[in-house]
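Here is a short set of exercises to work through at your own pace. Try each task before you read the solution below it.

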Amino acid sequence: MGLKFNLTKNGSLDKSTRLPKGDYRFTFDVVLPSNLPSSFKKKYKNDNVGLICYSIGVVIEREHSEKPIEKWLPFKVENPVNLNEYPLLRRRLVINNKPAKFLCWKSNRSVQFEATLNKGAFVSGDNLVLDLLIKNTTNHIVKDLKLCLLSRTTFDVGKRGQKSFDSILASLDLQLIVYPKTSHDLKNLSLKIPNLICLSFGECKMLKKCYYLIVRNRFNEKTYFTIPILIGSLPFMKNDL
């Protein structure tokens, strides 16, 4: 953010003011922008590190030295994501995907998914509950599926564009076999939202944190169905559910 304040003995901004030997105390305050992302640090594969940090510092310029005296103090920002600001996500959601071709099957037929979620936004400790309808219009058996909660962190790396890192936070193997030209309806599938340090945010230009519910193959990790969800810190008010 780079905010700077010039503090002098008499409170003026006159750079010629000198501070004689002694103890001085200055009081100031600053209102942090409401859209600041929370402090964040996480190490990923290949020693990549994602970092959002904040600090406040004092710089004292000395008359007979080119090197100023500096003292910096880090502090944390916790910007709560209030689910009540997203009223449409408190309702049951029905989401259909575009027909997905499985593996390398050379067929115009496809597998279709339809998911019904109990809501679209959650806090840590919530149970995500959904019904999943799978329609198999191919000539092949559909099996070996897994339901996953995925965290995706995207960094802006300047001229190199963007770089994303995915982490699976929770998963559930789907014990099913969907034969050709049939459908299978799974009811009340449940995943528990784990305790998360970094919640959803997307207003930071350098880093974006998102969460998704995905259906993928258990073995080759090919993803067939993706549902974006919001994970916040302040839950929906009970009387509004």
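The exercises below go through sheets, an aromatic pair, salt bridges and a surface patch.

Before you start, note that this is a predicted model, in which local features need pLDDT of at least 70, side-chain atom pairs count only at pLDDT 80 or more, and totals for chains, interfaces and linings use all residues. Residues are numbered from 1 along each chain as its sequence is written, and side-chain values use heavy atoms, with hydrogens and water left out.

**Exercise 1. Work out the strand order of the five-stranded open sheet, and find its edges.**

Step 1: Start with the terms. Strands (E, at least two residues) are DSSP runs, numbered from the N terminus, and two of them pair if DSSP finds at least two bridges between them.

Step 2: Read off the order. The five strands run E7-E13-E12-E9-E10, and their pairing is mixed.

Step 3: Look at the ends. Strand E7 (121–123) and strand E10 (162–174) each have a single partner strand, so one side of each is left without a neighbour in the sheet.

Step 4: Add the twist. On average, neighbouring strands here are turned by 35° against each other, direction ignored; the axes behind this angle are lines fitted to C-alpha atoms, and angles run from 0 to 180 degrees between N-to-C directions.

Step 5: Zoom in on one pairing. Strand E12 (residues 207–217) and E13 are antiparallel over six bridges, and Arg216 faces Thr223 in E13.

**Exercise 2. Do the same for the open sheet of four strands.**

Step 1: The order is E5-E6-E8-E11, and the pairing is antiparallel.

Step 2: Strand E5 (93–96) and strand E11 (182–192) are the edges; each has a single partner strand, so one side of each lacks a neighbour in the sheet.

Step 3: The average turn between neighbouring strands of this sheet is 15°, direction ignored.

Step 4: Inside the sheet, E6 and strand E8 (residues 127–136) run antiparallel and are joined by seven bridges. Phe113 stands opposite Ile134 in E8.

**Exercise 3. Find the stacked aromatic pair that Phe113 forms, and say whether its rings are buried or exposed.**

Step 1: Apply the rule. Rings of Phe, Tyr and Trp (its six-membered ring) pair if their centres lie within 6.5 Å; planes under 30 degrees apart count as stacked, over 60 as edge-to-face and the rest as tilted. This gives two aromatic pairs.

Step 2: Phe113 and Phe225 form a stacked one, at 5.6 Å centre to centre with 15° between the planes.

Step 3: Place the partners. Phe113 is in strand E6 (residues 111–117) and Phe225 in strand E13 (residues 223–232), 112 residues apart, and the pair links distant parts of the chain.

Step 4: Check the exposure (buried is under 20% relative accessible area, exposed over 50%, partly exposed in between, with a 1.4 Å probe and protein chains only). Phe113 is buried at 2%, and Phe225 is buried at 3%.

**Exercise 4. Trace the salt bridges of Asp131.**

Step 1: A salt bridge needs a side-chain nitrogen of Lys or Arg within 4 Å of a carboxyl oxygen of Asp or Glu. The whole structure has seven of them.

Step 2: One partner is Arg92, with the closest N and O atoms 3.9 Å apart. Asp131 lies in strand E8 and Arg92 in the loop between strand E4 (69–75) and E5, so this pair ties together parts that are 39 residues apart in sequence.

Step 3: Another partner is Lys187, also at 3.9 Å, N to O. Lys187 lies in strand E11, so its link to Asp131 in strand E8 ties together parts 56 residues apart in sequence.

Step 4: Compare the accessibility values. Asp131 is buried at 15%, whereas Arg92 is exposed at 54% and Lys187 is exposed at 52%.

Step 5: Put the pieces together: Arg92, Asp131, Asp185 and Lys187 are linked in a network of salt bridges.

**Exercise 5. Which residues make the nonpolar surface patch of about 490 Å²?**

Step 1: Patches take residues with over 30% relative accessible area and no salt bridge, joining like charges within 9 Å and nonpolar side chains (Val, Leu, Ile, Met, Phe, Trp, Tyr) within 5 Å. Accessible areas come from the Shrake-Rupley method with a 1.4 Å probe; for residues, only the protein chains shown count as cover.

Step 2: The members are Phe28, Val30, Leu32, Ile56, Leu73 and Phe75.

Step 3: Take Val30 as an example: it is found in the segment before strand E1 (40–43) and is partly exposed at 37% relative accessible area.
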